[in-house]
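Okay, everyone, thanks for coming. Let me put the structure up and then talk you through it.

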Protein chains: 2
Amino acid sequence: MTDLQINQTDPWKRLEKEADRFQQPTLHLKALLSDHNRFDLFSKKSAGIFFDYSRQRVDENTMALLFELAKKARIMEKFNDMMNGKKVNVTENRAALHTATRNLSGKPIHVDGQDVMPELERVKEDLRSFSEKIHQGKIKGSTGRPFSHAVVIGIGGSYLGTEFVATALSSFADKNIRIHFLSNVDFHNFDAIKRKIDPLETLFISISKSNTTAETLANEKQAWEYLKNAGLDPSKHFVSVTGKDSPPSAIVKKSLQTFHMFDYIGGRYSVSSAVGGLPLSLFLGFDRFCAFLEGASEMDTHARTASIENNLPLIAALIDTWNNNFLKYTALGIIPYASPLSKLAPHIQQLYMESNGKSVTTEGKTLNIRSGWIVFGEPGTNAQHSFFQLAHQGMAFPIDFIGVIHPQYEETHCLSKGVTNHQELWANLISQPQALAMGKADADPTKSFSGNRPSSTLVLNDLSPENVGKLLSFYEARTLFQAFLWDINPFDQFGVELGKVLAGNIRKQMAKKNENNAHQLNTNNPISDFYLNALFSGNI
Amino acid sequence: MTDLQINQTDPWKRLEKEADRFQQPTLHLKALLSDHNRFDLFSKKSAGIFFDYSRQRVDENTMALLFELAKKARIMEKFNDMMNGKKVNVTENRAALHTATRNLSGKPIHVDGQDVMPELERVKEDLRSFSEKIHQGKIKGSTGRPFSHAVVIGIGGSYLGTEFVATALSSFADKNIRIHFLSNVDFHNFDAIKRKIDPLETLFISISKSNTTAETLANEKQAWEYLKNAGLDPSKHFVSVTGKDSPPSAIVKKSLQTFHMFDYIGGRYSVSSAVGGLPLSLFLGFDRFCAFLEGASEMDTHARTASIENNLPLIAALIDTWNNNFLKYTALGIIPYASPLSKLAPHIQQLYMESNGKSVTTEGKTLNIRSGWIVFGEPGTNAQHSFFQLAHQGMAFPIDFIGVIHPQYEETHCLSKGVTNHQELWANLISQPQALAMGKADADPTKSFSGNRPSSTLVLNDLSPENVGKLLSFYEARTLFQAFLWDINPFDQFGVELGKVLAGNIRKQMAKKNENNAHQLNTNNPISDFYLNALFSGNI
């Protein structure tokens, strides 16, 4: 398919016909689910994740065509190329080796003839050593007090993955260190954190691959100032994570220690690098961070080695494509029935929408199909009482339901309606996909449910560090498989550049006005000028 | 239009042609914005909110047609009917009078010939009196300690609005009471709260209009048990908000005091009733709750009395309809450039998706157009570093940008790149809508921005209680105007019923198994049985 885009291939065209076929009432989910073999056929367990797609609008014919499409697009080869260090990030001429951060095989991975494993191992050793010293009180704040707060300064990929994992595993946090995320340049964010921390016991972790992110630079400065105002030596309260080849900011230069990430690790894929490794090692302990890596590694291996027909993230990616390009859904809901996974959806929202919200093929041609969609979600059962009205009776969208067999707390024996809270949660987890799929006819249209609304159900035995790692890797691989299918580059993000350029121009006007209040604000755009004047006049 | 649905009317049909016209390059936003009158024409300020829709894909012709459509649908009359106490919730034969909770006109509002104002005033007086007694330490916990924690037990509409307002105004919280939200039946939620509270100083506020919400009943029991286990008299630590005519639960019966809401106030519209009033009065003080009501009242009056052409929430609703039904966008992003508004999107997500995710007209006919869409969002600039890649170069979706001139904190003078953090925030707020609208051509498709991506910008002078009330009322009225245009009932939510029924069946199986471990789980559904067995066996 050198010159053909994916939608010009034969399996794609046959899938378009397949989508027409799926308009028939005989292929309503209610009809499909009457087949008693269906659940066995369309559910699989691998690498600790049970994946049930029996309530997706597919049958064996659909899946066969999707597998054919995957082969046509050579997505397994591309995934292997990625894991082997090939420069799959073509626009930036870089490898994409987040999986190398959890390569536990002992085998080298070469980029430009150099094995990257030694430098990655060195970083891990730095993380182990540093986190242990903090936990043992060998490294302390500038007044000699041990650290009890870690504030991650970073935005986007520099914190969303870490926030997801830290929230998922907070019940394991026994190191007497609380974690906070200073992401937004909005000072309200810092103001709220200041109320919770004691500067004498606070370590700031500044994270920026490029060291040029405006928000992070601004917050670094604020934090430095805050420490100075508290009479402390800020350099003893600052560590940093940056790209090895990025010129350090003034503050990064002065920080206690710098941990490296590398140009072959993108921000949104960086939670298993030092970006996540440093804060998570402090918060949970280095061993738990390693356990998390082991889980991710296990799923990486599954994604790389399982056959197309048995590959969970690949099957999920193919179904996403089917739902998006053929059945024309425009969003994916992620609904974990587990509060510790409350930050999964925001992380996958970035991972997916920033990776796959693209309109250009890897060959630089305009993509002639729709790529990404919207990813959003809240935990169940909360979501049921919020936006599920739309899911059941309004515009349909596919959903990932996620369940966990064993909760992280010790179960109480207090029953309501004869069941525990955990059982109540599961009663809902089990019911919702069924209600969405089956629907229910009623003479009163108000009480009628059309059904045929697709979902998958993912189940984990528990929320251990390993399993959270598996879940992360599952979503990463799924995102990437879909990008490889569409032949887009999931590793760049040029779409965020234009806004940055425009903000730079406006910032210049502001800076001039700050220097000299007589400066006439002028951006050559009347709307921008209006807002600038409103801001400086203090009134709209 | 007695028998005609809205899409069969003449203005709708002309709007369909208008949408075709808008495919022309001459109506690209870049072209539209070259008109220097545009910003004056398409921005308005009323009731404290500045609303700029100059970057929406409309021109004067479009707006004229939309205004005509609004008249055709009699939406102003319907809005007035609602505020006057008419039973606009036709499926449940109820009035919809959330606006009465902030009716400061002194005029009566009749339902079934009865003025509802006296009972609403009584509730407000109860709130004043109770919150003052708590703040003065006249009401204390069962060991005589004053209350320093309020835990709201409630899900969906019983907490999302309160969470939004409490988060927006937390910098005003000077009553030494912290607020927590126990919404999810997932006990992880309670477990996390337990780590933050002291039972001796904790007041639980159980909120359920019906007193039958399974999640809330389960959490009430857990909280009661928790207090008992701490050696306290739980009845001294429990208050409740319930529908006046709802039979109280065992725990509501025993609570210290019960505050009423009424059948004419729906959960997702209830933040200005006792549902929000009790927790917000405790957290912020009754006076600030009243100031919040005053702001909401001011916007209610604007929505009710402003002409169609000058009515902010109505214009917003018409543009939503234009974007949804004619330009075929499927989601709305809500991006406040103000961290205190971080819970606005989750609240509006419920408000909008539960109200307008319907497929049936008020006359009980199947609606023959698409109604609701997906609402989601995160604060800026965070969102820029998360999912804005898709917004700029992938699938387009309209966005509400929200800015606040004066932050709630005292500004520091620490500059980065010559600007304060607040200015940096605004540089981005100003730039993003421009980048989305204008785009930028580039010979390299990867760096090319197609532009023509619509957004509105809303600006408030500050985040005072009054302004937060205005913002709430703006979104409520906007949601309702759109429902009235489509002729759907925004006050019921039958779409959540089927899942509840199915969960009830599964719960029964669980309860039987809890009573007798030999019970064979059987729900007549092999998939449900599989999951039930996995849960009880502890392994999948």
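A quick word first on pLDDT, which is the predictor's confidence in each residue, from 0 to 100. Chain A averages a pLDDT of 97, and 100% of the residues score at least 70. For the complex, the predictor gives an ipTM of 0.97 and a pTM of 0.98. So yes, this is a predicted model: local features need pLDDT of at least 70, side-chain atom pairs count only at pLDDT 80 or more, and totals for chains, interfaces and linings use all residues. Residues are numbered from 1 along each chain as its sequence is written, while chains are lettered from A and ligands numbered from 1 in the order in which they are written.

Now, how do the two chains relate? Turn chain B by 180 degrees, shift it 0.0 Å along the axis, and it lies on chain A with an RMSD of 0.0 Å (a least-squares fit on the C-alpha atoms of residues with pLDDT of at least 70 in both copies). That's the relation of a two-fold axis. Both copies use the same surface, too: 100% of chain B's contact residues recur in chain A.

On to the interface, where contact means C-beta atoms, placed from the backbone, within 7 Å. There, 119 residues of chain B are in contact with 119 residues of chain A. On the chain B side, helix α16 (residues 421-438) gives the largest share, 13 residues; helices here are DSSP runs of H or I, at least four residues, numbered from the N terminus.

Last stop, Ile205(B). Leaving aside neighbours within four places in sequence, its contacts include Val151(B), Val239(B) and Leu278(B).

Methods:
Contact = placed C-beta atoms within 7 Å. Helix = DSSP H or I, 4+ residues; strand = E, 2+ residues; numbered from the N terminus.
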